[in-house]
Amino acid sequence: MLRLTALAAAAMLGALALPAAAQDRPTYNGFLCCNLRTDGSWISDSNYAESGKRVIPVGTPAQVTGYGRSRVNVLIDGKKQDIGNDYSRDLDLGAFAKRYVVTEDPNARMASFPPKIREAIKTARVTRGMTREQVAMAVGYPISSENPNLDAPVWRMWLGSFSEFQVLFDGQGRVRAVETDPQTRNLVVLE
């Protein structure tokens with residue numbers, strides 16, 4: 001008769017209880033895809049520029065350590081953070097993690113960008129001529145509930161609940177304009 005220790009049985013039951021997708025979510029070392037705003041423990045996919053939040057720069061080393069309910073657990077500078085999938089829940093959590101923590105350092109790509117594009121990214125702003133990749137590096141990804149197609153000609157984004165801005169792309173996938181109110185424009189656009 002085969003006997004399992006209590007620990008082995010619990011481990012087997014735990015693995016069986018997890019959906020297949022949860023079992024496939026990797027832990028790994030990487031880099032932040034983009035400038036992300038944190039309150040010290042929580043980073044939302046909305047990436048609001050609320051009072052008390054600071055920007056963690058694109059390319060910052062990050063380690064995906066696990067997953068929770070609608071969140072990716074990460075270590076950044078030795079501190080625990082959660083990247084919250086607050087508004088992109090149509091994305092599988094593993095795919096969501098891979099969007100925000102990438103395996104190739106974005107700083108290597110940024111080095112080849114024109115100076116004005118690099119400045120816009122470093123200051124978390126958007127400027128004409130940026131590609132979609134460069135906009136994401138600068139201000140984060142648009143939430144997928146409002147932007148299901150990243151190839152769309154318009155990305156709807158927000159700095160806060162009442163500070164929407166729209167990034168308009170031309171036929172070559174480069175920023176042609178940003179539409180918003182004057183106050184938000186001053187915060188998000190590099191002229």
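I take a contact to mean heavy atoms within 4.5 Å. The model I examined is predicted.

**Entry 1: the chain as a whole**

I first looked up the contacts between residues at least 6 apart in sequence; of these, 52% join residues at least 24 apart. I then listed the secondary structure and found seven helices and 11 strands in the chain. Of the 191 residues, 42% are buried. For the accessible surface of the chain I noted about 10,500 Å², and 53% of that surface belongs to carbon and sulfur atoms.

**Entry 2: the nonpolar cores**

Which residues have the most contacts inside the largest nonpolar core? I found Ile121, Met130, Val135 and Val167 in that role, in a core of 23 residues. I next asked which elements supply at least two residues each of this core. They are two helices, helix 5 (115-122) and helix 6 (132-139), together with strand 9 (154-158), strand 10 (164-169) and strand 11 (175-180). Helix 6 gives the largest share, with four residues.

I also recorded a second core of 19 residues, separate from the one above. Leu36, Val64, Tyr67 and Val72 are among its members.

**Entry 3: the surroundings of Met130**

I returned to Met130 and set aside residues up to four places away in sequence. Met130 then touches Ile117, Ala120, Ile121, Arg125, Val135 and Ala138, and also Phe169, Gly173, Arg174 and Val175.

**Entry 4: helix 5 against helix 6**

I noted that two packed helices are described by the angle and the distance between their axes. For helix 5 and helix 6, the axes cross at roughly 35° and come within 7 Å. Which residues meet here? From helix 5 I listed Ile117, Ala120 and Ile121, and from helix 6 Gln134, Met137 and Ala138. By type, the residues of this contact are five nonpolar and one polar, with no charged residue.

**Entry 5: the disulfide**

How many disulfides does a search of the whole structure find? I found one. Cys33 and Cys34 form this bond, and their sulfur atoms lie 2.2 Å apart. Are these two cysteines buried or exposed? The cut-off for buried is under 20% relative accessible area. Cys33 has a relative accessible area of 7% and is therefore buried. Cys34 stands at 0% relative accessibility, so I entered Cys34 as buried too.

Key: Residues numbered from 1 in each chain as written. Predicted model: local features only at pLDDT ≥ 70, side-chain atom pairs only at ≥ 80, totals over all residues. Heavy atoms only, no water. Core = buried A, V, L, I, M, F, W, Y, C linked by side-chain atoms within 4.5 Å. Buried < 20%, exposed > 50% of the residue type's maximum accessible area, 1.4 Å probe, protein only. Axes fitted to C-alpha atoms, helices over the stretch in contact; angles between N-to-C directions. Nonpolar A, V, L, I, M, F, W, Y, C, P; charged D, E, K, R; others polar. Areas by Shrake-Rupley, 256 points an atom, 1.4 Å probe, with all protein chains shown as cover. Disulfide = S-S within 2.5 Å.
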